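This report describes selected features of one protein model. The sequence and the structure are shown first.

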Amino acid sequence: MWSERYRRLGADPPFGDPAGHHGVPMEGYYWRLVDPASGRVVVALCGVVRGAAGTPERALVALSDGSGPVRHRWVEREVRADPGRLALDAGGVLRADRSRLSVDLGPGARLQVDLIRGRAWPRPALGALGLAQMLPGLQQYWHAHTLGGAADGRLESEDGPVVLAGAVVYGEKNWGRGFPPAWWWGQAGVWDGDDDACVAFAGGRLGAVPGLCATTVVVRLGDEVIRLVAPAAVVRARAGGGEWHVRASGPRARVDIEARAGERPPLALPFPPREGEPPGTVAQFQHGHMTVVVRRGRRVLWRGESRHAALERGERTGG
């Protein structure tokens, strides 16, 4: 029988929901909304820090729509998260589940949207990490729970009120003992050809050994989701100097991703610290350029190009 203690080590049994609360030292919730018409990008996140007995104790909530600095606030103790599903209430400052998202950081930083026609993760047995989600005690876990859909609602930014209608949604969760020594990440859901597709990748260095790394690639093409992660796939990634290169090859498909940071300055997104460390920030570009080629055998299954890719290359202070 799968125990609560097992999940508090970060692992999930088959047919569970990795988006639920685990009770590990750090759990991060992230949403990204992109308006295809205007190119406006809204990012909302919540980093939850564990309290006694694995219960949520405090949370770092942040919101940005590109109109000013990233707004954020610590919420103390009034944090509730459901272990069985995606459901979070950070003291009323951020409330979220699979159908709605609301953030209230005061005047000029409020968001209220309904998430409709959501493209939820379709695989009931295993999440984005595949078999690795069943291994307890990893440094960090990752799961992309929403691979598209539409957001309708209202944003209150420093530029004034904005009506959001049909913004493309992406949502993910990461959790574990804390961020790895170095990590790379990218996501795109708005394409030049107006394709119904979503691409995301996430990877990091495992421990202090520079060559020991792991990366996961997820691609949704219409109703099909391709997950490429070891041991079923070979994934190689390289990030640095404003460029990201990912090549993933598995039994079902091969995916090649080439991306570079855009000219616009990145967001300085906060992330919660490990015990004894100060809060960190990471530069996340919101209008990067990404090209993706998906092959099945010798046939090109899909080719996409995005000018609104999110890209991140982070390194924890102190290694």
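The sections below treat the internal cavities, a buried tryptophan and a strand hairpin in this predicted model.

## Internal cavities

Rolling a probe the size of a water molecule over the atoms shows where empty space is left. In this model, two cavities of 30 Å³ or more are counted.

The largest cavity holds about 80 Å³ of space. Its lining consists of L63, S64, D65, S67, G68, P69, R71, G108, A109, L155, E156 and E158. Two elements, β3 (56–64) and β11 (150–157), each give two or more residues to this lining. In chemical character, the lining of the largest cavity divides into four nonpolar, four polar and four charged residues.

## The second largest cavity

About 40 Å³ of space lies in the second largest cavity. The residues that line the second largest cavity are R32, V34, V168, V169, Y170, Q187, G189 and V190. Strands β1 (26–34) and β12 (160–176) each supply at least two residues of this lining. The greatest contribution comes from β12, with three residues.

The lining of the second largest cavity comprises five nonpolar residues, two polar residues and one charged residue. The charged and nonpolar counts for the largest cavity, by comparison, are four each.

## Tryptophan 142

W142 is located in strand β10, which spans residues 140–146. Its relative accessibility is 7%, and W142 therefore counts as buried, the cut-off for that class being under 20%.

The side chain of W142 makes a polar contact with the side chain of E172, at 3.0 Å. With respect to R73, W142 is 69 residues away in sequence, and the C-alpha to C-alpha separation of W142 and R73 in space is 24 Å.

## The β15–β16 hairpin

Strand β15 covers residues 213–221 and strand β16 covers residues 224–228. The two strands pair in the antiparallel sense, and five bridges join them. Within this pairing, V218 has R227 of β16 as its bridge partner.

Which arrangement do β15 and β16 form, and how many residues lie between them? The strands form a hairpin with two residues between them. In the turn, G222 has a positive phi of about 65°.

Conventions. Residues are numbered from 1 along each chain as its sequence is written. This is a predicted model: local features need pLDDT of at least 70, side-chain atom pairs count only at pLDDT 80 or more; totals for chains, interfaces and linings use all residues. Side-chain values use heavy atoms; hydrogens and water are left out. Two strands pair if DSSP finds at least two bridges between them. Helices (H or I, at least four residues) and strands (E, at least two) are DSSP runs, numbered from the N terminus. On a 1 Å grid over the protein atoms alone, a cavity is a set of points where a 1.4 Å probe fits but cannot get out, and a pocket is an open set with protein on both sides within 12 Å along at least five of seven lines; lining residues have an atom within 4 Å of a point. Grid points are joined across faces, edges and corners, and a volume is the space filled by probe spheres set on the points. Ala, Val, Leu, Ile, Met, Phe, Trp, Tyr, Cys and Pro count as nonpolar, Asp, Glu, Lys and Arg as charged, and the others, Gly among them, as polar. Buried means under 20% relative accessible area, exposed over 50%, partly exposed in between (1.4 Å probe, protein chains only). A polar contact is a pair of N or O atoms within 3.5 Å; within protein, one must be able to donate a hydrogen and the other to accept it, and residues adjacent in sequence count only if both atoms are side-chain atoms.
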